[in-house]
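Me: Please take a close look at one part of this model, the contact between the two protein copies. Put the surface facing the nucleic acid beside it.

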Number of protein chains: 2
Amino acid sequence: MSYQTVSRVINDSPNVSATSRTAVQDAIDLLGFRPNRAARALAGGPVQSVTVFTSNTTLYGFSAALEGIEEATREVGFQMGVRVVEERAEASRAAVEHALEPGSSVIVIAFDRAGAQALTWVPREVPTVAMIQAPTALAPARSSVWLDETAAAKRATAYLLSLGHATVHHLPIPSWPRATPRMEGWRAALEESGVVPPEPLQPGWTAQWGYEIGRQLVGNPGVTALLCGNDDMALGVLRAMREAGCEVPGDISIVGFDDIPAARYLSPALTTVRQDFKALGKVAFAHLLELSNSSRRMPAIATPIAELIIRESTGPPLGSRAAGMQAAQ
Amino acid sequence: MSYQTVSRVINDSPNVSATSRTAVQDAIDLLGFRPNRAARALAGGPVQSVTVFTSNTTLYGFSAALEGIEEATREVGFQMGVRVVEERAEASRAAVEHALEPGSSVIVIAFDRAGAQALTWVPREVPTVAMIQAPTALAPARSSVWLDETAAAKRATAYLLSLGHATVHHLPIPSWPRATPRMEGWRAALEESGVVPPEPLQPGWTAQWGYEIGRQLVGNPGVTALLCGNDDMALGVLRAMREAGCEVPGDISIVGFDDIPAARYLSPALTTVRQDFKALGKVAFAHLLELSNSSRRMPAIATPIAELIIRESTGPPLGSRAAGMQAAQ
DNA sequence: CTGAAAGCGCTTACAG
DNA sequence: CTGAAAGCGCTTACAG
């Protein structure tokens with residue numbers, strides 16, 4: 001019953017007799033033995049930790065994703081490390097290289113530019129899965145996961161159109177290297193209805209930004225419906241409208257994206273697209289597991305379905321024929 | 001120029017000639033050499049990683065604290081691991097024991113019961129600092145950090161009283177093992193003004209809970225001012241009031257706690273107590289550093305100052321003599 | 001199926 | 001001040 005045998009049962013080696021296996025297992029349970037991770041890693045044992053790179057741990061989508069990853073790692077006894085990355089190339093590179101350890105694996109939350117940047121610095125040989133906005137956006141040859149935001153944005157836009165709005169404006173989250181899927185979906189819905197998409201507003205992430213943009217929008221009769229790139233911005237827009245005495249949804253309908261916990265408690269409660277980033281985080285980790293254990297790639301696949309949650313911030317435009325339509329519904 | 005010498009310069013050993021030191025350093029820089037953490041840990045090198053235990057990575061206070069810790073660790077090249085802990089004793093214990101590695105250190109975000117529980121399982125010998133609600137609450141003989149929430153709650157309550165409210169009600173976050181400092185401050189302010197504190201409402205954490213409680217409060221003329229244990233609950237209360245047609249602050253003044261990013265964009269913008277959990281996270285890590293390097297304890301000390309942010313959700317009670325006072329201000 | 005051997009990359013006493 | 005030695009706790013070929 002040498003320590004090699006112990007190592008074998010811990011690592012599920014097939015070359016152990018049933019007798020030894022149970023004997024060792026019993027001893028392990030009895031003593032509460034826990035193999036030293038540092039030693040395992042040093043000796044070239046299997047990966048058992050993930051480092052997640054993210055540009056933000058506070059924004060809803062990011063922290064929900066993190067939450068999902070954490071839960072998944074906990075279930076299989078993986079350690080989870082977190083490293084925040086900035087957009088500046090050198091800082092990003094330093095952060096990634098510093099954090100990378102032999103025998104580790106990584107998930108990068110590459111929803112934004114900083115995340116995508118970080119992905120760049122991760123060597124090919126380390127098992128990696130990226131959480132991205134859309135499949136074409138980046139990460140060729142990297143395993144990645146995403147939500148179908150294009151379809152969701154399209155659906156939300158179509159809904160607004162169906163309410164009777166002549167057009168729908170869009171306050172996007174930052175795009176790179178090309179339009180975000182949320183913007184593509186918005187544009188597609190408009191074009192399918194034969195309306196020329198208006199110029200998108202200046203992109204941002206925060207409530208603050210939404211507020212700024214909202215103030216500029218006030219009193220513009222052309223915009224009666226606005227699809228926001230996320231709920232935080234929608235929140236800011238809502239505030240700007242109220243301050244200016246604009247009714248929501250009377251004067252302008254507003255749709256958010258993500259369904260943050262606060263969304264349904266706003267006044268008016270926010271119509272939004274629910275995105276299950278937590279579930280996506282779990283999916284990402286599941287992929288990572290396959291990558292690192294069997295060392296074989298998995299094709300990128302989509303997962304949880306986004307859902308349009310209709311609440312109070314949307315309605316037919318005032319004084320349009322849609323007002324009549326509403327009664328008919 | 002053996003590898004021992006390299007080890008010495010990396011670890012700032014004094015026993016190295018200036019010549020060797022620079023020579024080695026140059027080589028390190030040139031080659032981009034990074035010592036293997038697993039090996040260092042195995043050989044008993046200095047701690048260079050923290051794992052933080054927290055019950056939630058999504059609630060504002062928790063995620064802000066995490067953000068602060070992350071930033072601080074990044075600055076000194078520490079690795080940061082995160083493990084979510086539950087309240088159930090066995091689950092908590094398993095999570096903690098699983099996560100603990102020799103040569104690691106820990107910060108536990110012990111704002112709530114689950115966190116306090118986790119703290120229980122961390123062996124004395126591992127360098128640990130706890131982030132807690134108040135110094136007496138727990139963690140005797142543990143290094144810990146906290147914000148002076150008692151003073152802040154007292155100040156907020158006094159402010160409400162000064163507006164002319166006959167009393168102030170309180171919707172607390174969960175207490176254990178005794179009243180939260182927020183509740184103590186609230187109570188103290190009331191007593192100092194000679195008013196008997198009303199029964200606190202049922203404690204909770206979420207907007208959902210605030211909403212439930214808010215609905216119960218509607219139409220109760222006795223409550224004209226409410227101090228909420230956090231902004232999320234305040235958000236829910238706000239919603240309940242609006243639904244019921246109660247004016248805020250006309251019919252009821254509401255104060256939150258924490259100053260979440262959304263607070264100032266609500267309608268009415270939320271009067272609240274700003275708490276810098278991110279800074280507190282940094283302080284926690286600073287303490288940890290001292291603990292682990294010099295192996296000497298630091299006395300627990302308080303840090304960032306909470307600040308009352310007066311916005312729109314508070315005002316004098318309607319129809320009271322305070323209405324006149326307002327004009328006088 | 002199961003030991004003995006070698007090595008993962010470091011650090012820390014121990015001799016010079 | 002600086003090497004040679006031993007060991008941290010594992011894992012993975014290699015012989016039996």
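Reply: Copies are superposed by least squares on the C-alpha atoms of residues with pLDDT of at least 70 in both. The model is a predicted one. On that basis, a turn of 180° and a shift of 0.0 Å along the axis lay chain B on chain A with an RMSD of 0.0 Å. The two copies are therefore related as by a two-fold rotation axis.

The contact itself draws on 37 residues from chain B and 37 residues from chain A. On the chain B side, at least two residues each come from helix 3, helix 4 (60-76), strand 2 (79-84), helix 5 (89-99), helix 9 (207-217) and helix 10 (231-244). By residue class, the side of chain B that touches chain A divides into 18 nonpolar, 11 polar and 8 charged residues. Of the interface residues of chain B, 100% are also interface residues in chain A, so the copies meet through the same surface.

Next, the surface near DNA strand C. The strand is surrounded by 23 residues, and the closest are B:Ser7, B:Asn36, B:Ala39, B:Ala43 and B:Gly45. At least two residues of this surface are supplied by each of helix 1 (3-10) of chain A, helix 1 (3-10) of chain B and helix 3 (37-42) of chain B. Helix 1 of chain B gives the most, with 4 residues. The residues near DNA strand C divide into 10 nonpolar, 12 polar and 1 charged.

Helix 3 of chain B appears on both surfaces: it supplies at least two residues to the side that touches chain A, and at least two to the surface near DNA strand C.

How values were computed:
Residues numbered from 1 in each chain as written. Chains lettered and ligands numbered in written order. Predicted model: local features only at pLDDT ≥ 70, side-chain atom pairs only at ≥ 80, totals over all residues. Near = placed C-beta within 6 Å. Nonpolar A, V, L, I, M, F, W, Y, C, P; charged D, E, K, R; others polar. Contact = placed C-beta atoms within 7 Å.
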